[in-house]
Amino acid sequence: MPLLKNNAFVQDEWSTLDDDAALPEGGKIIVSFPRLANDWDLLAKFPGVLGVKLANTDKIDSLAPYFSQLAIIVLAFPAFTDGRAYSLARSLRLDGYRGELRAEGNLLPDQLQYMRQVGFDSFAVNDRFPLQSWQAASHQMSLAYQRGLYRVAGEGEVWSQRHQGFAPWEEQPHAG
Amino acid sequence: MYRYDEFDHKFVAERTAQFRDQAARRLSGEITEDEFRPLRLMNGLYLQLHAYMLRVAIPYGTLSGTQMRQLAYIADKYDRGYGHFTTRQNIQYNWIKLEDTADILQALADVEMHAIQTSGNCIRNVTTDHWAGAAADELADPRPIAELIRQWSSLHPEFSFLPRKFKVAITGAPHDRAAVKVHDIGLRMHKNDAGAIGWEVMVGGGQGRTPMIAIAVRDFLPEKEVIPYLEAIMRVYNLFGRRDNKYKARIKILVHELGAEKFKSEVEAEYARHPAQSTEVDERELARISAYFKAPNYEELSRFAPRFEEAKRTDPEFARWAKNNLAAHLVDGYTIVNISLKPEGGIPGDATGDQMRQLATLAERYSFDELRVSHAQNIVLAHVKLEDVFAVWEALKASDMAAANYGLIGDIIACPGLDYCALATARSIPVAQAISRKFANVATQEHYGAVKLNISGCINACGHHHVGHIGILGLDKKGEEFYQITLGGSSSENASIGTILGPGFAAHEVPDAIETILNTYVKLRVSGEEFLHTYRRLGPAPFKEALYATA
């Protein structure tokens with residue numbers, strides 16, 4: 001699976017750890033949410049960098065205490081029509097999560113901007129589409145009516161621009 | 001009415017360019033039909049039985065003469081010279097080529113229109129009272145908040161891949177003409193003692209195969225909180241709505257399975273967890289939009305219109321039409337003209353390009369350049385001077401749009417059915433036409449009084465048969481079409497779902513069955529009682545007996 005970040009394919013430095021696999025000495029590892037909660041005593045002392053992969057049915061309210069320890073959260077798109085991860089991503093960002101937020105699964109280039117707008121900044125995509133398709137799709141609309149979305153240069157919020165004096169909502173880090 | 005500013009123009013222009021690229025990629029084979037499907041659907045493009053169908057948004061059913069002319073142009077140039085006004089205040093074209101679609105969207109963008117989110121699993125075109133801003137019983141015009149919701153829901157990145165489609169309806173009047181209780185979200189305006197506007201928020205109504213009446217989650221939501229509160233409802237639905245079975249994916253099923261109290265507490269918890277940072281911009285935007293919906297420059301007129309009265313005296317045909325098709329306006333000397341798109345034997349909601357141009361002309365000349373599409377598939381001129389009504393009627397008559405059956409049995413709501421639709425199990429249009437012919441005599445229709453008849457060609461209920469006073473559902477039994485009749489439905493403020501009377505009928509038997517039902521009502525009604533009230537007083541028994549006992 002190619003990994004798309006900042007409009008380029010890059011090397012994936014993360015490895016996903018099965019629930020029953022032993023913890024390595026270090027490195028960048030992604031564990032499931034149940035394992036994160038169950039093995040927290042052990043994982044809190046992990047010398048490498050830690051991330052978590054959520055299922056679309058995981059209740060994310062209980063994830064906030066771990067935010068400072070997490071460098072990546074991976075959300076799944078089992079089908080491109082399954083939009084739950086958009087709300088999970090937005091909620092995580094609204095809850096204050098500032099690390100990497102990765103979309104993984106069945107993604108289409110035409111969904112890339114939506115995903116970026118709700119806070120995703122890396123994308124494990126399938127290799128059916130060439131890089132140009134992803135690049136072209138990443139920035140199709142320069143305006144959004146909704147406020148508080150993640151934006152890149154050249155994108156604006158209609159309502160904030162109409163009503164001068166109101167800055168767009170909060171600074172947006174990690175807007176891939 | 002609302003006009004685009006530079007931002008709205010740019011937004012729709014970019015969206016059109018985006019679709020042009022998507023269609024080109026589909027035509028070249030770069031993306032599959034499965035992948036193209038959600039993209040085209042979010043631009044209103046369906047693949048029907050015989051061709052593509054394009055559904056164009058008419059936000060809250062309001063449009064100008066110029067926009068109506070453009071719809072006529074599209075009908076003539078890209079379709080077969082007609083369009084079909086739908087139960088969601090939209091228009092659809094049934095014979096569209098994929099290659100033409102981007103050009104059509106451009107033609108729409110030229111007149112500040114689009115087809116965004118007229119289909120797909122997203123927030124659909126917002127609907128409202130077709131008499132908004134004109135009705136005598138209205139608290140305030142509901143269209144500013146409808147426009148605010150239109151903008152907020154347009155290409156909402158979080159809510160574009162919902163479990164299922166999502167429909168919002170709004171009423172600013174206590175008498176509900178927008179069917180808010182059978183929508184995913186219904187908003188009804190209230191005013192408190194201080195005169196401030198708040199909204200009753202109802203969730204989980206719907207029709208389809210599981211008809212349900214919405215529950216109220218808030219009785220009086222302050223107006224400035226509407227957008228953040230809707231976000232909370234949408235987020236709960238997006239996360240927890242069922243995705244395992246598309247027939248159980250609407251929000252009504254989630255509300256039903258969680259129970260009203262649990263659903264409410266989930267929404268309130270989400271609303272408390274992610275409060276809006278500020279609603280000040282929403283308020284300013286609503287104020288900006290409201291300025292576009294200021295009342296038109298009415299003339300000061302007498303309530304008594306001598307020319308109008310004289311015309312009624314001398315022309316009984318006009319008098320009959322005026323009696324049935326006009327409604328009370330909030331300003332003296334003005335009236336609401338309801339134009340029935342249900343001529344004898346016609347296809348409910350269809351209008352030709354020429355008829356659309358005539359409607360545009362009448363709006364420009366007599367109704368402050370504004371038209372409405374009603375969810376009953378009719379057209380409304382909302383602000384006509386009584387003294388102009390006769391001239392309007394003469395023009396309508398010359399264009400075959402002067403049917404005097406507004407609100408009567410001939411004013412049939414019907415889905416396109418098996419003549420066009422890939423989902424349908426039976427035809428709707430021929431049944432509507434047969435009933436229309438059976439009751440062609442307007443005097444007969446007046447004899448039966450106010451009655452809503454709705455026909456759906458399948459269980460998905462696009463013809464809203466569940467909420468028709470008389471509902472007809474077309475089904476398929478071993479290759480034979482047959483029609484089930486329900487009675488007692490209503491989409492008004494006292495909403496109810498109709499009850500199935502008994503075994504279905506063959507298509508040719510339906511008009512006689514309807515006549516039997518209506519004659520039974522006439523026999524049993526007390527003076528001045530409408531059909532629905534008689535049914536509610538007596539229940540289905542006498543109607544069942546009349547229909548089936550002798551058979």
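In the predicted model, strand 4 (residues 82–85) of chain B and strand 5 (residues 91–96) of chain B form a hairpin with five residues between them, and Q89(B) in the turn has a positive phi of about 65°. The two strands of this hairpin pair in the antiparallel sense over two bridges, with H84(B) standing opposite Q92(B) of strand 5.

The hairpin belongs to an open sheet of five strands in chain B, which has the order 1-2-5-4-13 and antiparallel pairing. Strand 1 (45–47) and strand 13 of chain B stand at the edges, and because each has a single partner strand, one side of each is left without a neighbour in the sheet. Neighbouring strands are turned by 30° against each other on average, direction ignored. Strand 5 of chain B is joined to strand 2 (residues 52–56) of chain B by four bridges in the antiparallel sense, and R55(B) stands opposite Q92(B) in this pairing. Strand 4 of chain B is joined by three bridges to strand 13 (residues 350–352) of chain B, again antiparallel, and Y82(B) stands opposite T352(B).

Helix 3 (residues 65–78) of chain B packs on the sheet, where it touches strand 4 and strand 5 of chain B, and its direction makes about 15° with that of strand 5. Helix 12 (residues 353–366) of chain B lies across strand 4 and strand 13 of chain B and runs at about 85° to strand 13.

Between the chains, 31 residues of chain B are in contact with 31 residues of chain A. Helix 1 (6–28) of chain B is among the elements contributing to this side, and gives the most to it, with seven residues. The residues of the side of chain B that touches chain A divide into 11 nonpolar, nine polar and 11 charged.

Methods: Residues are numbered from 1 along each chain as its sequence is written. Chains are lettered from A and ligands numbered from 1 in the order in which they are written. This is a predicted model: local features need pLDDT of at least 70, side-chain atom pairs count only at pLDDT 80 or more; totals for chains, interfaces and linings use all residues. Two strands pair if DSSP finds at least two bridges between them. Two residues are in contact if their C-beta atoms, placed from the backbone, lie within 7 Å. Ala, Val, Leu, Ile, Met, Phe, Trp, Tyr, Cys and Pro count as nonpolar, Asp, Glu, Lys and Arg as charged, and the others, Gly among them, as polar. Axes are lines fitted to C-alpha atoms, for helices over the stretch in contact, and angles run from 0 to 180 degrees between N-to-C directions.
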